[in-house]
Amino acid sequence: MVAVSCLVLLPFVVLCLYVAPNLEDYAESIIPEVLWHVKFLYLSYDGRFFTSFLFAAVNPLKSENYILYQCLPLLLLAGLLFSFYQLSLSFISRSKKLAVLLSFLVLLVFLHKTPNLPYTLYYMISTYVYTVPSIIFLLIVSSSYNLVLSKKNNAYKLGLISCGIFAVAGGNELLLIPCLVWFIVLGFINKKMQAKRSREISLFFFSIVCSYFIVFTSPGVHENIQTLSLMEEVKLLTKALHKSIVFTLTNMKGWVWGNYSLYISSILFVVLVRAYNTSPYFKLSWFKSAVLVFILFGSILFVAFPYTWSAKSTASASYSQVFIVPCLFFTLVWFFSLFLIVSKLSSLPWARKPWLITTLSILLGLSFFLDKTSNVYIAFQDLVNREAQGYHAEIKENISKSQDKNALLNDLNQLELCELKHQPRSVYSGVYFRRELEHFHLEYRLYYKIKRIKVVPCS
Amino acid sequence: MQLNNYQRSIYLIGLALFIFTFLFKYYTGTFLTISKESGKEMISFEINKRKNDISIKSLKASCLNYQDVFNGILLDFKRNDLPCNQLLYNEILTSSMDSAYYKFIEKMYEHANFYEKEITDTGRILYLYQNKNEDCVEPAIITFVDTEEESLIESIQNLPNYLECYCVLSKKK
């Protein structure tokens, strides 16, 4: 199964060679001082102070290091894999082997249907907003769960989790609902298991209050909020909630309906869990399991709420990057629910056949490559059709022209840069030289110290 | 009640997080509203960013005390002893920081205490205010539109007669 997973992941890894910075990456790379960068974004855009810190401090473009920029997707893949591994160890089985297999499985299913692949892995600015905070959140979930159940006191871990909460809150407001839901559930677990960790839970909630206080009192956020009457506010809130539910359900339909890879991976998951004879650490009745599954799936419907509320009438289901986070949680909740169901079933003798795992793994691998809507298929096609290679070559040419102090200028003293002809769906974010994105030209010119540019179609 | 080391560290972590929150708000100058210093810092950052930019799409300034703005510009030009408007307009074509265009923008920023920005399909627009929503009976607005330099020149040529006054003064001298 690991071999099949590696084969499926191969196109994603090879695509790292063809990743190149887009315009918004440059916009976040022209301020040299870290603290001022964080302050500037906090004052003028939004309260995502941790994301701003990443833009400022973990930005290879600030040192024009394009190779490190290309390594970021690999780090994200490793981060996602590690967070799934930790979750598997915490919630499903102490078997490291099973945890490795399950984390590969979850990673493949997530990447297969993530609504916007470039924004999930390859577009630095966006990955700092969506993927990195999500990874940190998942690590917080597993470590806080372990901390509450552990008999040992660990102040160091407690401090890290509290700082992690700050990172999640300052990373993306879409994680507010999952964060609240998780710590409420953790409080419930603490009470149910008489773990006597109330002080720690209180500290986590205190961290949530402090961090979201910073986020929601950002002047950048307030600039976008109009003062409305109470009735209008209620109306707006209801509309935003409705939109969040409808948009997520629309996306969910696409993640489940006709998604054969999900069906095969579900069977494979059941087989793996059964093969390793795993049973949950906690015993829940059918009713309690159903309630938990209902709460988890229900909470996913509200993850997009901060977006639908702030975007008001412009909120749209086609703003796909917002649904990366709900897609990630959907995948995790889907498998966790399966685990709860499987653990209730007395025995599945057919699931213990050794050849079954191999057959299902191969079938799963094939299903990714045969589904034309799958990101695996799209990534593979972009490599085979040389779209990704062409895209990289075009951007590289623009970069070398921009870096060249003796580059030839046209009659109007402008440096001619080209509009992309190759636009691979798996890598290209859409934020490059286009007519409607001229407001990013200033930052690009400042980055490369160019006076004037003119964008022409690539030859 | 005696606290053990672990319990003490829980309180210490809580205290550290509280201090971080306090320091962050203090550093950004955003306790209740955005502080005047932070506003000024933002403005000077915006002007620095545009120091070498000759393709500002649009700059709107309202509620600025234009008398102060123009007096500032005139003072600067008096020091440099420019002979007349014509030269002033010619300078606009240059991308130098000393051009009249930059002097004008710089002065507008200097007199502004607040700014807002709007991102439209055609580009970024900056709004500068001296007194936001206060003492602003008839807001004066100057807009530079289009990237064409002619449009910028035209906008500046349309300024009230302050520059002419300067030329007159200059000739008298």
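Reader: At what angle do the axes of helix α16 and helix α18 of chain A cross, and how do I read it?

Author: Two packed helices are described by the angle between their axes and the distance between the axes. Here helix α16 (residues 286-300) and helix α18 (residues 324-344) of chain A cross at roughly 175°, and their axes come within 10 Å. The axes are lines fitted to C-alpha atoms, for helices over the stretch in contact, with angles from 0 to 180 degrees between N-to-C directions. Helices (H or I, at least four residues) and strands (E, at least two) are DSSP runs, numbered from the N terminus.

Author: A bit of housekeeping too. This is a predicted model, where local features need pLDDT of at least 70, side-chain atom pairs count only at pLDDT 80 or more, and totals for chains, interfaces and linings use all residues. Residues are numbered from 1 along each chain as its sequence is written, while chains are lettered from A and ligands numbered from 1 in the order in which they are written.

Reader: So are α16(A) and α18(A) roughly parallel or antiparallel to each other?

Author: Roughly antiparallel, therefore, for α16(A) and α18(A). The cut-offs are under 35 degrees for roughly parallel, over 145 for roughly antiparallel, 65 to 115 for roughly perpendicular, and oblique for the rest.

Reader: Which residues of α16(A) and α18(A) make the contact?

Author: Contact here means C-beta atoms, placed from the backbone, within 7 Å. From α16(A) you get A:W286, A:S289, A:V293, A:L296, A:F297 and A:I300. Across from them, α18(A) brings a set including A:F329, A:F330, A:V333 and A:K344. By class, the residues of this contact divide into 10 nonpolar, 2 polar and 1 charged. Ala, Val, Leu, Ile, Met, Phe, Trp, Tyr, Cys and Pro count as nonpolar, Asp, Glu, Lys and Arg as charged, and the others, Gly among them, as polar.

Reader: Let me try another pair: how do the axes of helix α1 and helix α19 of chain A cross?

Author: At roughly 10°, with the axes of α1 (residues 2-15) and α19 (residues 354-370) coming within 9 Å. That makes α1(A) roughly parallel to α19(A). A:V4, A:L7 and A:V8 of α1(A) meet A:S361, A:I362, A:L364, A:G365 and A:F368 of α19(A). The class count for this contact is 6 nonpolar, 2 polar and no charged residues.

Reader: Zooming out, which domains does the assignment give for chain A?

Author: Domain bounds come from an automatic or database domain assignment. For chain A, domain 1 is 2-384 and domain 2 is 403-457. Their C-alpha centres lie 34 Å apart. Domain 1 puts 20 residues into the contact and domain 2 puts in 14. On the domain 1 side, α2 (23-27), α7 (117-122) and α20 (375-384) each supply at least two residues. That side of domain 1 splits into 14 nonpolar, 4 polar and 2 charged residues.

Reader: Backbone next. What is phi of A:E64?

Author: Near 50°, a positive value in a residue other than glycine. A:E64 sits in the loop between α4 (49-57) and α5 (66-91) of chain A. A:R386, also not a glycine, has a positive phi of about 60°, and is found in the loop between α20 and α21 (387-403) of chain A.

Reader: Why does A:R386 get its exposure class?

Author: Count C-beta atoms, placed from the backbone, within 10 Å of the residue's own: 20 or more others is buried, 12 or fewer exposed, in between partly exposed. A:R386 has 13 such neighbours, so A:R386 counts as partly exposed. A:E64 is partly exposed with 14, and A:K449 is exposed with 10.

Reader: And which residues does A:R199 touch?

Author: B:Q7 and B:I10, not counting residues up to four places away in sequence. A:R199 lies in helix α12 (residues 198-216) of chain A.

Reader: How much should I trust chain B, and what is its average pLDDT?

Author: pLDDT is the predictor's confidence in each residue, from 0 to 100. Where pLDDT is low, the predicted coordinates should not be read in detail. Chain B averages 55, with 18% of the residues at 70 or more. Within chain B, helix α1 (residues 5-28) has the highest mean, 89, and helix α7 (residues 162-172) the lowest, 36. Residues 51-64 of chain B stay under 50, yet the model has 49 contacts for them beyond four places in sequence. For the model, ipTM is 0.84 and pTM is 0.81.

Terms used:
Contact = placed C-beta atoms within 7 Å.
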